[in-house]
Amino acid sequence: MTKFIAISNRRGGVGKTTGTMMLAYSFAVLGFQRVLVIDLDAQSSTSITMMGHERWRHAIDCTKTIGDLLLEIYGDEETGFENYIAHYAGDVHIAPGNRKPDIDVIPSSFELDHREREIMLMNSNAGPTIDKVFDKLQTRVAQILRSFKGRYDIVLMDCPPGLSNVAWGAIKAADYVIVPYIPDMTAEDNVGWFLSRLSALDGTREVRVLPNRVQLNSPAHAGIMDSVHNLYQPLGPVIPARTALANALEFRASSQPIRTKFGLGMPTVESLFRAMLVLFETTNRGSHQ
Ligand SMILES: Nc1ncnc2c1ncn2[C@@H]1O[C@H](COP(=O)(O)OP(=O)(O)O)[C@@H](O)[C@H]1O
Ligand SMILES: [Mg+2]
């Protein structure tokens with residue numbers, strides 16, 4: 001069964017990329033799952049983090065990015081999306097044998113916003129009103145993303161900040177939406193606004209909030225998390241502010257064991273993984289081939 005997980009928040013800098021990366025490595029290394037990471041953010045930090053600059057730039061030169069994929073198949077036809085996948089990404093290896101975990105990536109590029117505009121122009125006659133055109137685009141993006149079902153156990157979709165048609169497409173494609181947030185003054189309003197938009201969508205998807213960059217000894221952070229979690233269901237773990245987690249965003253040319261990569265952040269990676277397994281067990285969403 002393939003589980004589609006969108007990591008999303010309208011706000012930038014809250015830990016979408018950090019969360020996506022932690023989930024990708026934990027599912028693939030700790031859970032021995034086949035993982036596909038789709039980077040939908042034009043900033044491309046997930047692509048660079050998971051592939052390194054060199055391989056990511058090469059993918060752009062070869063037009064093997066998510067923007068190229070979405071542009072190529074703006075019609076209704078099936079396509080060879082295999083062309084867009086970078087296999088065995090990441091900078092972690094598994095003992096014994098130091099083999100690479102099963103993590104594939106479809107990278108983003110700085111051109112993605114531009115591509116999205118091109119796709120919109122191509123589809124501008126797709127409906128009588130702009131809302132209908134947007135609906136059609138989002139449905140098409142969701143359809144393309146879901147075409148990976150059956151090939152992977154886990155598809156992680158790292159969303160851009162803001163709510164573009166691509167972001168909505170990913171949310172529509174998702175069985176699960178994980179919403180990282182920083183427990184600061186704007187958190188309750190920001191998370192609340194985003195979740196109310198999600199609840200207005202058709203279909204059912206499980207949505208969980210995930211506090212990140214938490215100062216564990218801060219009463220202010222604890223109070224804000226209490227308020228947010230009274231209103232919106234938390235995934236469970238709290239991701240502390242840790243230099244080790246910030247450093248883990250850096251791609252290393254030579255691969256390393258997962259415990260070396262995450263260092264003091266490793267217990268958080270493990271608790272995130274366990275919480276996802278519990279979520280899967282208690283909700284049982286996903287797509288059979
Ligand atoms: N738990 C954490 N501890 C320390 N730094 C973090 C943590 N989570 C994220 N960061 C840092 O915050 C910045 C934004 O995180 P990122 O995951 O890129 O957010 P987003 O993808 O939502 O824009 C990055 O520099 C990252 O290293
Ligand atoms: Mg990001």
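These are my notebook entries on a few spots I looked up in this predicted model.

**Entry 1: Thr2**

I began close to the start of the chain, with Thr2, which sits in the segment before strand S1 (3–7). Is Thr2 buried or exposed? I noted a relative accessibility of 1%, so Thr2 counts as buried.

Next I looked up what the side chain of Thr2 meets. It reaches the backbone nitrogen of Gly150 at 2.7 Å. A polar atom of the Thr2 side chain also lies 2.7 Å from the backbone oxygen of Tyr152. I liked the sequence separation here: Thr2 and Gly150 are 148 residues apart along the chain, yet their C-alpha atoms are 5.8 Å apart in space.

**Entry 2: Glu116**

Then I moved to helix H4 (residues 112–122), where Glu116 is found. Which side chain of opposite charge is nearest to Glu116? I found Arg117, at 7.7 Å. A salt bridge here needs a nitrogen-to-oxygen distance within 4 Å. Glu116 has no salt bridge, although Glu116 is buried.

What does the side chain of Glu116 reach instead? I noted the backbone nitrogen of Val166, at 3.3 Å. Setting aside neighbours within four places in sequence, I listed Ser164, Asn165 and Val166 as the contacts of Glu116.

**Entry 3: salt bridges**

How many salt bridges does the structure hold? I wrote down twelve, and looked up some of them one by one.

I stayed in helix H4 for the pair Glu118 and Arg115, whose closest N and O atoms are 3.1 Å apart in a salt bridge. The two are three residues apart in helix H4, so about one helical turn separates them. I checked burial for both partners: Glu118 is partly exposed, with a relative accessible area of 26%, while Arg115 is buried, at 18%.

My second pair was Glu206 and Arg208, whose side chains meet in a salt bridge at 3.1 Å, N to O. Are these partners buried or exposed? Glu206 is buried, with a relative accessible area of 17%. Arg208 counts as buried too, at 7% relative accessibility.

My third pair was Glu270 and Arg259, a salt bridge with its closest N and O atoms 3.0 Å apart. This pair links distant parts of the chain: Glu270 belongs to helix H11 (residues 266–283) and Arg259 to helix H10 (residues 258–262), eleven residues apart. I noted Arg259 as partly exposed, with a relative accessible area of 49%.

I also checked for shared partners. Asp68, Arg115 and Glu118 are joined into one network by salt bridges that share partners, which took me back to the Glu118 and Arg115 pair of helix H4.

**Entry 4: the largest pocket**

Last, I turned to empty space. Rolling a probe the size of a water molecule over the atoms shows where such space is left. I recorded a volume of about 370 Å³ for the largest pocket. Which residues are closest to its centre? Of the 21 lining residues, I noted Gly13, Gly15, Thr18, Asn212 and Arg213.

I then asked which helices supply at least two residues of the lining. Helix H1 (16–30) and helix H9 (243–247) each do. Where does the largest share of the lining come from? I credited H1, with three residues.

Key
Residues are numbered from 1 along each chain as its sequence is written. Chains are lettered from A and ligands numbered from 1 in the order in which they are written. This is a predicted model: local features need pLDDT of at least 70, side-chain atom pairs count only at pLDDT 80 or more; totals for chains, interfaces and linings use all residues. Side-chain values use heavy atoms; hydrogens and water are left out. Helices (H or I, at least four residues) and strands (E, at least two) are DSSP runs, numbered from the N terminus. Buried means under 20% relative accessible area, exposed over 50%, partly exposed in between (1.4 Å probe, protein chains only). A polar contact is a pair of N or O atoms within 3.5 Å; within protein, one must be able to donate a hydrogen and the other to accept it, and residues adjacent in sequence count only if both atoms are side-chain atoms. Lys and Arg count as positive and Asp and Glu as negative; His and the chain ends are not counted. Contact means heavy atoms within 4.5 Å. On a 1 Å grid over the protein atoms alone, a cavity is a set of points where a 1.4 Å probe fits but cannot get out, and a pocket is an open set with protein on both sides within 12 Å along at least five of seven lines; lining residues have an atom within 4 Å of a point. Grid points are joined across faces, edges and corners, and a volume is the space filled by probe spheres set on the points.
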